[in-house]
Amino acid sequence: MGTGIKTDRRILRTREAINKAFLELFAEKELEQITINDIADRANVNRGTVYLHYTDKYDLLNRCIEDHLGKMFLSCNLTGLADTDAGLISELKPIFDYFGQNFLFFSAMLANQRTTVFRERLLEIVSANVIHKLELEKPAPEGMDKQLIAHFMASAFVGTVEWWIQNRMPHSPERMAEQVRRLFEDNTMYRGHQ
C-alpha cells in the first residue's frame, strides 16, 4: 500500500514538473517553437516520460487549460454571485486570489497572441455562470437579451483579468474584487438584476 502512495506522489511531481516547464517555455516563446525535448530538458525528465503523460504539446496545453479552469471553478465557487455588495466581493476575491496564486499559468496563457484557446474557454465558463445567475434573478431589462448581457459582463471581466495579469497584478486581489464589483454595479444591466 505504501508503494502505491509513493508512485502516485512521484507521478504527480513529474506532471507538475512537466507542466511548470511547459508554462515557463510557453511564456518565453510561441507554442510552435516549443518541442517535447525542450519541455523534457526543462523538467529534467526524458522525452518518453513526457509522452507517458501527454500525447503531444497540444494535449499538454489543453490539459493545463482544463485543469486550471476546473480548479478555478471549484475553488472560487463560480456557481452564481450573491446579491449583496459583501457577497459579490466575497465571491470575486477568491477568483483574484486564484489568479494571483497561479500567476505563471495565467500570464503564459494571456501573453501576446497565445490567448485564443484559453481566453475562449475562460469566457465560456464566466459567461455560463453569469447566465446562471441571471436566470435565478428577475427578468432582463426590457428589450435586453440575457445571452448578450452575460457575454458583455463576461467579456468585461475577462478583459479586466487580462489587464491585471499582463500588468503583473498592480493591485491586491481584494482591491480588484472591490473595483470589479463597483464597475458591475455601475453598469445598468447589472443594476437591473440586483
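## Lys57 and its surroundings

Lys57, apart from neighbours within four places in sequence, is in contact with Phe22, Leu31, Glu32, Ile34, Ile36 and Ile39. The model is a predicted one. Lys57 belongs to helix α4. This lysine is buried but takes part in no salt bridge. Glu32 is the nearest side chain of opposite charge, and it lies 6.5 Å away. A salt bridge is counted when a side-chain nitrogen of Lys or Arg is within 4 Å of a carboxyl oxygen of Asp or Glu, so the 6.5 Å between Lys57 and Glu32 does not qualify.

Two of the contacts of Lys57, Phe22 and Ile39, are also among the residues that touch the most other members of the largest nonpolar core.

## The nonpolar core

The largest nonpolar core has 52 residues. Within this core, Phe22, Ile39, Phe96, Phe99, Phe118 and Phe157 touch the most other members. Two or more residues come from each of α1 (2–28), α2 (36–43), α4 (57–76), α5 (85–101), α6 (103–109), α7 (116–136), α8 (146–166) and α9 (173–186). Helix α8 gives the most, with nine residues. In soluble globular proteins, nonpolar side chains tend to be buried together.

Phe118 has contacts with Ile65, Leu69, Phe105, Phe106, Met109 and Leu110, leaving aside its neighbours within four places in sequence.

## Aromatic residues

Nine aromatic pairs are present in the structure. One of them joins Phe105 and Phe106 in an edge-to-face arrangement, with 5.0 Å from centre to centre and 80° between the planes. The edge-to-face label applies because the angle exceeds the cut-off of 60 degrees. Phe105 and Phe106 are both buried.

A single aromatic cluster is formed by Phe96, Tyr98, Phe99, Phe105, Phe106, Phe118, Phe157 and Trp164. Phe96, Phe99, Phe118 and Phe157 from this cluster also appear among the residues touching the most other members of the largest nonpolar core.

## Helix α7 and its contact with α8

Helix α7 has 21 residues and spans 30 Å from its first C-alpha to its last, close to the 30 Å expected at 1.5 Å a residue. Its buried residues are Phe118, Leu122, Leu123, Ile125, Val126, Ser127, Asn129, Val130, Ile131, Lys133 and Leu134. Ser127, Asn129 and Lys133 are thus listed as buried along with residues such as Leu122 and Val126.

Ala150 is located in helix α8. Its relative accessible area is 0%, so Ala150 is buried. Beyond its neighbours within four places in sequence, Ala150 is in contact with Ser127, Val130, Ile131 and Leu134, and these four residues are among those buried in α7. The C-alpha atoms of Ala150 and Leu123 are 9.9 Å apart, with their positions 27 residues apart along the chain.

## Salt bridges

The whole structure contains twelve salt bridges. One of them joins the side chains of Asp59 and Arg63, at 3.4 Å from N to O. Asp59 and Arg63 are separated by about one helical turn because they are four residues apart in helix α4. Asp59 is buried at 17% relative accessibility, whereas Arg63 is partly exposed, with a relative accessible area of 40%.

Lys93 and Asp97 also form a salt bridge, and their closest N and O atoms are 2.5 Å apart. These two residues are four apart in helix α5, so about one helical turn separates them. Lys93 is partly exposed, with a relative accessible area of 25%. Glu162 and Arg119 meet in another salt bridge, at 3.0 Å from N to O. This pair links distant parts of the chain, since Glu162 is in helix α8 and Arg119 is in helix α7, 43 residues apart. Glu162 is buried at a relative accessible area of 13%, and Arg119 is partly exposed at 24%. Elsewhere, a network of salt bridges links Lys20, Glu24, Glu28 and Arg42.

## Loop residues with positive phi

Asn44 is not a glycine, yet its phi is positive, at about 60°. It is found in the loop between α2 and α3 (47–53). With a relative accessible area of 70%, Asn44 is exposed.

Arg168 likewise has a positive phi of about 60° without being a glycine. Its place is the loop between α8 and α9. Arg168 counts as exposed because its relative accessibility is 61%, and the cut-off for exposed is over 50%.

Definitions and conventions:
Residues are numbered from 1 along each chain as its sequence is written. Side-chain values use heavy atoms; hydrogens and water are left out. A nonpolar core is a set of buried Ala, Val, Leu, Ile, Met, Phe, Trp, Tyr and Cys residues joined through side-chain atoms within 4.5 Å. Buried means under 20% relative accessible area, exposed over 50%, partly exposed in between (1.4 Å probe, protein chains only). Contact means heavy atoms within 4.5 Å. Lys and Arg count as positive and Asp and Glu as negative; His and the chain ends are not counted. The expected span of a helix is 1.5 Å times one less than its number of residues. Rings of Phe, Tyr and Trp (its six-membered ring) pair if their centres lie within 6.5 Å; planes under 30 degrees apart count as stacked, over 60 as edge-to-face and the rest as tilted.
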